[in-house]
Amino acid sequence: MRPRSEVATLDTTEHFVEAALWSAYRLVGMLRTMRTEPAITTVVFDYGGVLTTPGRTAVESWTRAEGIRPESFSAVLKEWVGHDAPENTPIHRLETGELPLEEFDRILAERLRRHDGRPVAAEGLLSRMFSFMQPDEEMMRLVTTLRRSGRRTGLLSNSWGNSYPWRRLSGMFDHVVVSGEIGMRKPDPRIYRLTLERLEVAPERALFVDDVRANVATAEELGMRTILHRDATSTRARLTELVPDLDNADQQE
């Protein structure tokens with residue numbers, strides 16, 4: 001039986017070797033990634049729910065303020081944009097610009113239910129909902145930091161007939177693609193290809209950030225790297241991994 005001191009020394013040596021091998025393994029993985037994956041030159045962002053208040057938070061505030069039963073809105077979303085939704089639902093046609101906003105407001109209002117049983121006012125319905133969706137300042141700063149690092153930025157948004165704060169967004173993006181202006185919507189691959197073409201970037205050099213899994217999946221199929229956005233902190237952390245000099249750019253004035 002070995003002396004206790006010798007056993008302790010062997011344990012320490014084994015742990016040291018294990019840690020060294022693990023560090024070497026990680027280093028090889030990082031070098032392989034750097035060698036096989038082109039550097040990211042362009043980052044494309046969704047708007048609502050990524051650069052703004054989360055959609056769920058905005059909807060909760062809106063339904064509470066107007067006394068709308070949230071389950072009635074959830075049922076509409078599931079029917080019109082859920083996994084099994086048919087083509088050309090009112091939301092699809094709104095996003096591609098085929099359905100006027102006023103008509104959509106009327107159709108949606110008829111499907112919603114209030115706690116007190118009274119009808120939901122159709123006029124300005126979506127405008128009232130979007131009033132609860134405010135810019136996410138941390139994400140806005142992240143876009144500015146990316147541009148400061150030398151990356152190009154783009155905006156790819158499915159519009160619900162809502163207005164965008166263009167004065168605030170001015171100068172933040174090299175190109176903007178809004179679904180209702182071109183008659184296509186995410187996750188149609190054509191709208192991604194159009195965005196890449198306008199930004200003059202190959203898919204493998206572009207990163208796409210969106211809060212909808214189906215939209216992210218299409219981008220991945222086209223060869224783009226992606227981030228499924230949940231909050232500014234986690235998106236910033238993942239971006240820092242993919243864009244190594246991001247922190248340095250953040251320190252610049």
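Q: What makes helix α7 roughly antiparallel to β1 in this predicted model?
A: Helix α7 (residues 137–148) runs at about 160° to β1, and angles over 145 degrees count as roughly antiparallel. Besides β1, helix α7 also lies across β2 (152–157).

Q: And how do you know which way α12 runs relative to β5?
A: Same kind of check: helix α12 (residues 232–242) runs at about 160° to β5, and over 145 degrees is roughly antiparallel. The strands that α12 lies across are β1, β4 and β5.

Q: What makes β3 and β5 the edges of the sheet?
A: The open sheet has 5 strands in the order β3-β2-β1-β4-β5, with parallel pairing. β3 (175–178) and β5 (225–228) each have a single partner strand, so one side of each lacks a neighbour in the sheet. On average, neighbouring strands are turned by 20° against each other, direction ignored.

Q: How do you know that β1 and β4 count as paired?
A: Pairing takes at least two bridges, and 4 bridges join β1 (residues 42–45) to β4 (residues 206–210). In one of these strands, β4, leucine 207 is the bridge partner of valine 43.

Q: Why are α3 and α5 called oblique?
A: Helix α3 (residues 70–81) and helix α5 (residues 101–111) pack at about 120°, with axes 9 Å apart. That angle falls outside the parallel, antiparallel and perpendicular ranges, the last being 65 to 115 degrees, so the pair is oblique. Contact residues include Phe73 and Trp80 of α3 and Phe104 and Leu108 of α5. By class, the contact has 6 nonpolar, 1 polar and 2 charged residues.

Definitions and conventions:
Residues are numbered from 1 along each chain as its sequence is written. This is a predicted model: local features need pLDDT of at least 70, side-chain atom pairs count only at pLDDT 80 or more; totals for chains, interfaces and linings use all residues. Side-chain values use heavy atoms; hydrogens and water are left out. Axes are lines fitted to C-alpha atoms, for helices over the stretch in contact, and angles run from 0 to 180 degrees between N-to-C directions. Helices (H or I, at least four residues) and strands (E, at least two) are DSSP runs, numbered from the N terminus. Angles under 35 degrees count as roughly parallel, over 145 as roughly antiparallel, 65 to 115 as roughly perpendicular and the rest as oblique. Contact means heavy atoms within 4.5 Å. Ala, Val, Leu, Ile, Met, Phe, Trp, Tyr, Cys and Pro count as nonpolar, Asp, Glu, Lys and Arg as charged, and the others, Gly among them, as polar.
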